[in-house]
Amino acid sequence: MTRVIPGRAHRSRAAHSGEQPVSGDVATIVFVGGGPRTVGLLERFAASADELLGGRAVDIHVVDPYPAGGGRIWRRDQSRLLWMNSMTSDITIFTDESVDCEGPIVPGPDLATWVAGVGATRLEEAGLEPSGPMDFPPRLLQAEYLAWVWDRVVRSLPANVTVTTHLDRAIAVASEEPWGRTPGSSDAMSRVVLQSGEELRADLVVLALGYLDREPTAEQAELAGAAEANGLTYIGPGYTADIDLSDLQPRENVIVRGFGQAFIDLMVLLTEARGGWYDECDGLLNYHPSGNEPILYVGSRRGVPYHAKLGYTAAGATPVPTRYLTAAALDQLGEGVLDFQSQVRPLVDKELTFAHYQQLFQAHPERTRWSWERFFEVLDRTLPTAPEFIAAVEAAVPAVADRFVLADVDRPLAGVSFKDRAELDRTLVQLIETDLLRRDDPQYSADLAVFNALLSVYSVLSAAITAGRLSDEDRVRHVETEWHGFFSFVASGPPPRRLEELLALHRAGIVRFTGPDLQVALGKEKFVARSSAVPGEIEARAFVEARLPRPDVLAATDPLVRGLLQSGLLAADHLVASDGSSLGGGQLKADGQCRAIRADGSVHPSLFLLGPSVSGSAGSSGFSRPYFNGPGFRQNDAVARQLLQLVSVDSQKAGQRHAS
């Protein structure tokens with residue numbers, strides 16, 4: 001049974017019809033956050049409930065100002081023009097036989113199967129077109145899928161479990177130590193305070209908050225203040241769907257820093273969403289302006305857009321075990337903390353290089369001059385930067401387009417200077433057109449091999465971080481910043497159609513390129529943009545940072561997180577580099593069982609943390625792919641079974657508490 005409670009309305013406790021609990025007591029679990037992570041966790045809770053719950057009655061409360069299922073990011077209330085950057089066949093909420101977990105596997109449809117089956121009627125009612133397995137669907141389609149999954153999960157819970165959703169925001173959590181009990185003992189209760197004033201008493205609390213908004217950095221705050229004082233518009237980093245873009249005026253210049261997914265969303269909302277439209281003539285996409293669009297001058301450090309998503313067999317890809325970057329290889333480097341740049345990064349580079357050339361030599365031998373065995377012998381004993389290996393590549397791989405040089409992939413415009421913006425435009429257009437052709441051509445399946453290797457490398461790095469093998473400085477600077485940026489650039493770019501639209505907008509004069517190493521400063525009356533590779537300056541009244549804010553839990557604006565950190569119920573590191581400079585706030589601390597670690601280092605026995613702002617929280621960066629043994633599934637299953645065991649084993653203690 002599920003109930004939705006908006007605002008200050010209160011839920012009265014009522015027994016669920018059907019099976020009666022063994023104990024007269026009812027356990028209460030409060031989930032703060034109702035997005036995909038909570039949905040997946042409750043699915044695992046339902047899967048193991050018959051085995052572990054023992055008939056104990058449980059009240060589950062889910063608190064989120066947005067409807068449960070999609071939560072904030074995947075809500076229905078957003079533009080239908082915004083797309084996912086994953087194909088429908090790449091997304092599932094349900095476990096399958098690939099998942100290695102203790103709880104039972106309960107199969108369910110992935111997004112593509114749902115669209116073609118039970119979801120078809122729901123999409124028709126919502127006015128959404130169905131998407132094929134290789135399509136990149138609107139985010140609203142994913143919102144409908146998650147809402148359906150939520151309904152199915154709630155129905156799958158046993159009769160002695162009720163679910164109440166609160167369209168509200170949790171603003172505080174306080175522990176209530178029972179009289180005569182040891183502070184912090186397992187039978188302490190928590191009080192969850194909602195913005196409406198309602199309070200929920202809970203035996204267990206799970207914080208699955210998703211991505212946290214944060215205060216602007218000092219630089220961003222200074223830019224915002226100066227812009228306001230001078231009548232200019234500055235829009236800092238944020239989630240594009242949530243940002244007010246009304247200050248960006250038709251036909252005015254707008255400087256945009258950032259060339260990833262946030263820029264693509266911005267581009268859509270400032271063009272097609274303002275009345276423009278596309279048509280195709282002789283295979284060329286054309287954009288027809290409405291006259292309401294600003295002129296976007298876009299650039300970034302790289303100066304090029306993220307690579308398009310692959311348009312072929314990526315949906316059927318399976319995990320590829322790493323060969324060089326393995327836990328055993330890291331152990332051989334020594335005990336304790338490793339140096340990322342000198343010890344770990346060479347193994348990462350070699351892993352990607354191996355994946356590329358193995359696929360090239362084995363799938364496309366006609367484009368190589370050596371046998372794979374001969375080439376592999378050199379690759380295996382050297383590093384990608386070694387002169388011997390570079391010479392082997394030049395001898396064995398004649399076409400430059402078939403070679404893999406990580407530095408060139410990462411910074412395609414590094415060291416390049418342009419005599420004028422016309423030359424920059426020609427270069428960018430050629431790079432984007434080449435990328436679109438290559439990402440849609442299985443003849444370049446080595447790109448797919450690198451894509452799969454990137455996923456496997458990320459998994460190994462996450463495990464190394466969790467195990468304490470990397471310093472905080474290396475984690476923040478080299479993994480979460482540099483490596484994650486490279487991963488996103490290569491593997492997490494937009495659907496190919498979006499880059500076709502980018503080219504059409506460029507031809508229409510709506511999008512213009514600024515070049516790499518973009519620097520933006522506030523001049524006397526306007527923002528001024530410069531690139532070290534292109535002569536001249538660009539002036540504009542408006543400046544947009546088209547990127548997500550860098551995570552920093554110590555700068556989070558969420559009152560719940562701020563209060564818990566201040567009270568000491570949660571802990572997070574303030575990270576300082578070896579040179580004494582601040583790296584900002586770290587993630588929230590949790591132990592291996594996802595239980596919160598307090599400021600004094602003790603473990604909170606009844607407060608659980610999951611999500612991208614939590615140390616060691618697996619599967620937080622996106623949805624799991626079918627048949628990929630996603631780490632999020634494994635973690636959800638372990639936490640769900642722990643919650644079930646706690647409310648079942650502790651039933652007598654809980655009964656005494658409620659009676660007192």
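I began with helix α13, a DSSP run (H or I, at least four residues, numbered from the N terminus), which covers residues 446-466, has 21 residues and reaches 30 Å from its first C-alpha to its last, close to the 30 Å expected at 1.5 Å a residue, the expected span being 1.5 Å times one less than the number of residues. Just after α13, I found G468 with a positive phi of about 75°.

I kept in mind that this is a predicted model, in which local features need pLDDT of at least 70 and side-chain atom pairs count only at pLDDT 80 or more, while totals for chains, interfaces and linings use all residues. Residues are numbered from 1 along each chain as its sequence is written, and side-chain values use heavy atoms, without hydrogens and water.

Next I turned to the largest nonpolar core, that is, a set of buried Ala, Val, Leu, Ile, Met, Phe, Trp, Tyr and Cys residues joined through side-chain atoms within 4.5 Å, where buried means under 20% relative accessible area with a 1.4 Å probe, protein chains only. This core has 102 residues, and those with the most contacts inside it are F263, L352, Y357 and F375.

I then looked up Y357 and, leaving aside its neighbours within four places in sequence, listed its contacts (heavy atoms within 4.5 Å): Y357 touches W372, F375, L379, F389, V393, V397, D402, R403 and F404. Apart from the largest core lies another, of 47 residues, and I noted A49, I91, Y145 and V149 among them.

Conventions
Helices (H or I, at least four residues) and strands (E, at least two) are DSSP runs, numbered from the N terminus. Buried means under 20% relative accessible area, exposed over 50%, partly exposed in between (1.4 Å probe, protein chains only).
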